[in-house]
Protein chains: 2
Amino acid sequence: MASAQASLDSVKLAMKATNDLFNTEVVVKGNFAALDDVYTADACVLPPGGPMVSGRQAIREFFPGLVASMHAKSVALSSVEIIPAGDGVVEVGAAEVTVEPPGQAGSVVHCKYVVFWRQEDGRWKWRLDVWNMNA
Amino acid sequence: MASAQASLDSVKLAMKATNDLFNTEVVVKGNFAALDDVYTADACVLPPGGPMVSGRQAIREFFPGLVASMHAKSVALSSVEIIPAGDGVVEVGAAEVTVEPPGQAGSVVHCKYVVFWRQEDGRWKWRLDVWNMNA
C-alpha cells in the first residue's frame, strides 16, 4: 500500500511535468513539435465544436488553429481527481485558459477535462483528451 | 488471449445493456430513478456549459433539466473505441440525440463522449461521463 502510494506520487509528478510542457512549449511558445511529447502516437483529441482528431499527424495539424482561434496565451491545468486504471490513469481536471483577443482585455476561459494517461517511451502522455467549457 | 477476448465481449454486452437503459428509461420515458443503474454512486458528469456534477443525488437532480432544455426525445450511443483499463474500461463514443424543440421539426444533435466504466453491484456503470458537440 505504501509502495503503491509512492508509485502513484511519482506518476503524479510525471503527469505534472507533461502538463507543464503543454503549457510552456505548446501554448506559450507555439512549439507544436512538443505535442509529440504530450500525446501518445495513437492519441485522440475530442474538441468542442468539431470532430474527433486522431493520431500524431492530425493532432499536430489541429493545434495551431485551436490556439490561434482561442487567442490563448497560456493554460493552467489542475487535477480534480486521479483514478489509477490498470497501466493507465484517468484524470479529471480543470483548465484555466488565459485568452487575449485583439482589442479586448485579457480574460480567463474556464474548462473542465478528462484525460486518459498512458506511458509511451518512458513518459506519461495523453492517450485521450476531451474537454468542454464551464459556461 | 482467447479468454480475455471472450471476457471483453461479455463486458461490451453489459455496456450495451446500460447504454440501452439510459436511452429507453432516462431519455425516452423520463424515469430518472433509472440513473442509479447507469451511473455509479460516486460518478461525475461533465456537461458542456455548466460545472461538474458529482454524486448520485446531484446527478438525479441534474438530468431532468438537461433532457428538457435539449428537448431530447431519444439518444443513440455507439462505441468508437473501447480500451480496457484495469478493472475499468475507457470508452470513446458518438451520441446522436434526437431533439424536437416546440414548433420546430425534429433534428439530430451529434455529440462525442468519453465514459470511464466501472462495475458496481454486478452492473457495468458510468463512473465518469464527459461530452461535447461536434458543431
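This dialogue looks at how two chains touch in a predicted model and then at one strand of chain A.

Reader: How many residues does each chain bring to the contact between chain A and chain B?

Author: A contact is read from both sides, and here 22 residues come from chain A and 22 residues from chain B. On the side of chain B that touches chain A, strands S1, S3, S4, S5 and S6 of chain B each supply at least two residues, and the largest share, 4 residues, belongs to S6(B).

Reader: Of the residues on that side of chain B, how many are nonpolar, polar and charged?

Author: The side of chain B that touches chain A holds 15 nonpolar residues, 6 polar ones and 1 charged one.

Reader: Turning to strand S1 of chain A, why is it described as largely enclosed by the rest of the structure?

Author: One asks how many residues of a strand are buried, where buried means that 20 or more other C-beta atoms lie within 10 Å of a residue's own. In S1(A), residues 39–46, 6 of the 8 residues are buried, so the strand is largely enclosed by the rest of the structure.

Reader: Which strands are joined to S1(A) by bridges, and do they run parallel or antiparallel to it?

Author: S1(A) runs parallel to strand S6 of chain A, residues 123–133, with 4 bridges joining them, and A:Leu46 has A:Val130 as its bridge partner in S6(A). With strand S2 of chain A, residues 53–54, S1(A) runs antiparallel and is joined by 2 bridges; here A:Val45 has A:Val53 as its bridge partner.

Reader: What lies between S1(A) and S2(A)?

Author: These two strands form a hairpin with 6 residues between them, and in the turn A:Gly49 has a positive phi of about 80 degrees.

Methods: Residues are numbered from 1 along each chain as its sequence is written. Chains are lettered from A and ligands numbered from 1 in the order in which they are written. This is a predicted model: local features need pLDDT of at least 70, side-chain atom pairs count only at pLDDT 80 or more; totals for chains, interfaces and linings use all residues. Two residues are in contact if their C-beta atoms, placed from the backbone, lie within 7 Å. Ala, Val, Leu, Ile, Met, Phe, Trp, Tyr, Cys and Pro count as nonpolar, Asp, Glu, Lys and Arg as charged, and the others, Gly among them, as polar. A residue is buried if 20 or more other C-beta atoms lie within 10 Å of its own, exposed if 12 or fewer, and partly exposed in between; C-beta atoms are placed from the backbone. Two strands pair if DSSP finds at least two bridges between them.
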